[in-house]
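Me: Please take a close look at a single part of this model, the charged side chains and the strands that carry them. I would like one connected account, with each cut-off stated where its term first comes up.

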Amino acid sequence: MHNTVIRVALVCALLATPAAAQAQSSGGPTQSINGNPFGLLLGWFYAEYERKVNDAVSVGVGGSYWDADGDNEAYVNGDVMVRFFPQQRALRGFYVGTKVGLTRTESARTRFGIGFDTGYQFTLGPDGRFYLATGFGLKRLFGKTDEWYAPDLVPTFRIVNVGIAF
């Protein structure tokens, strides 16, 4: 399962790479790498890479891992994201977006999911290199599972992501 998530993330990163030639339009950072440092205190890992396609759109990949009770029946997630910035300042300000990817919930099979997210991103400092983001979304999971309690709808949170924009 873990290898499947890594493969999906790598394929998505390769698909996002050609956008670099178009991402130079308005100056400022064109990419970001970020994660949730507060989640690490709870054993929850989340990281994300995002690249500006043009002034209004960015694409990215993200993944999370959480093993609440240490029994190797963890929540694992990997997504490809497209975000739209209505104020035409990709990587800064309000966004709405879509995501697709794979999710494995505790004791359940890996399932395909489609979702949305919304949030706000800040680039701070003299060069706009310090990155902060917050947001919320929902992801609908498809496919059968053997467990009666496996969710079909999973919330996604970006409580406070911290990173670097470059």
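Reply: A residue is called buried here when its relative accessible area is under 20%, exposed when that area is over 50%, and partly exposed in between, with a 1.4 Å probe and protein chains only. By that scale Arg158 is buried, with a relative accessible area of 5%, and its side chain meets the side chain of Glu48 in a salt bridge at 2.9 Å, N to O. A salt bridge is taken as a side-chain nitrogen of Lys or Arg within 4 Å of a carboxyl oxygen of Asp or Glu.

The model is a predicted one, in which local features need pLDDT of at least 70 and side-chain atom pairs count only at pLDDT 80 or more, while totals for chains, interfaces and linings use all residues. Residues are numbered from 1 along each chain as its sequence is written, and side-chain values use heavy atoms, with hydrogens and water left out.

The pair of Arg158 and Glu48 links distant parts of the chain, since Arg158 belongs to strand S8 (residues 153-165) and Glu48 to strand S2 (residues 44-54), 110 residues apart. Strands (E, at least two residues) are DSSP runs numbered from the N terminus, as are helices (H or I, at least four residues). Glu48 is buried as well, with a relative accessible area of 2%. This contact belongs to a network of salt bridges that links Glu48, Glu50, Arg83, Asp117 and Arg158, and the search of the whole structure finds seven salt bridges.

The frame that carries these residues is a closed barrel of eight strands, which runs S1-S2-S3-S4-S5-S6-S7-S8 with antiparallel pairing, where two strands pair if DSSP finds at least two bridges between them. Two further members of the network can be placed in that frame through their bridge partners. Arg83 in S4 is the bridge partner of Ser58, and this contact falls where strand S3 (residues 57-66) and S4 run antiparallel, joined by ten bridges. Asp117 in S6 is the bridge partner of Gly97, and there S5 and S6 are joined by twelve bridges, again in the antiparallel sense.

A second salt bridge brings the side chain of Lys139 to that of Asp79, at 2.6 Å from N to O. It too spans distant parts of the chain, with Lys139 in strand S7 and Asp79 in strand S4, 60 residues apart, and both Lys139 and Asp79 are buried. Their strands deserve a closer description.

For Asp79, the setting is strand S4 (residues 75-84), seven of whose ten residues are buried, so that the strand is largely enclosed by the rest of the structure. Besides S3, its pairing partner is strand S5 (residues 93-104), with nine antiparallel bridges between S4 and S5, in which Asn77 has Thr103 of S5 as its bridge partner.

For Lys139, the residue that stands opposite is Gly115, and the two strands concerned, S6 (residues 110-124) and S7 (residues 130-142), run antiparallel with 13 bridges joining them. Another position in this pairing sets Tyr120 opposite Thr134 in S7. S6 and S7 form a hairpin with five residues between them, and Gly125 in that turn has a positive phi of about 95°.

A third salt bridge, between Lys52 and Asp55, has its closest N and O atoms 3.7 Å apart. Lys52 counts as buried at 0% relative accessibility, whereas Asp55 counts as partly exposed at 23%.

Returning to S4, the backbone that follows it also merits attention. Most residues other than glycine have a negative phi. In the loop between S4 and S5, however, lies Gln88, whose phi is near 65°, a positive value in a residue other than glycine. Leu91 has its place in the loop between S4 and S5 too, and has a positive phi of about 75° although it is not a glycine. As for their surroundings, Gln88 counts as partly exposed at 42% relative accessibility, while Leu91 is buried, with a relative accessible area of 1%.

Taken together, the close look leads from the buried pair of Arg158 and Glu48, through the network that also includes Arg83 and Asp117, to the salt bridge of Lys139 and Asp79 and to strand S4, which is largely enclosed by the rest of the structure.
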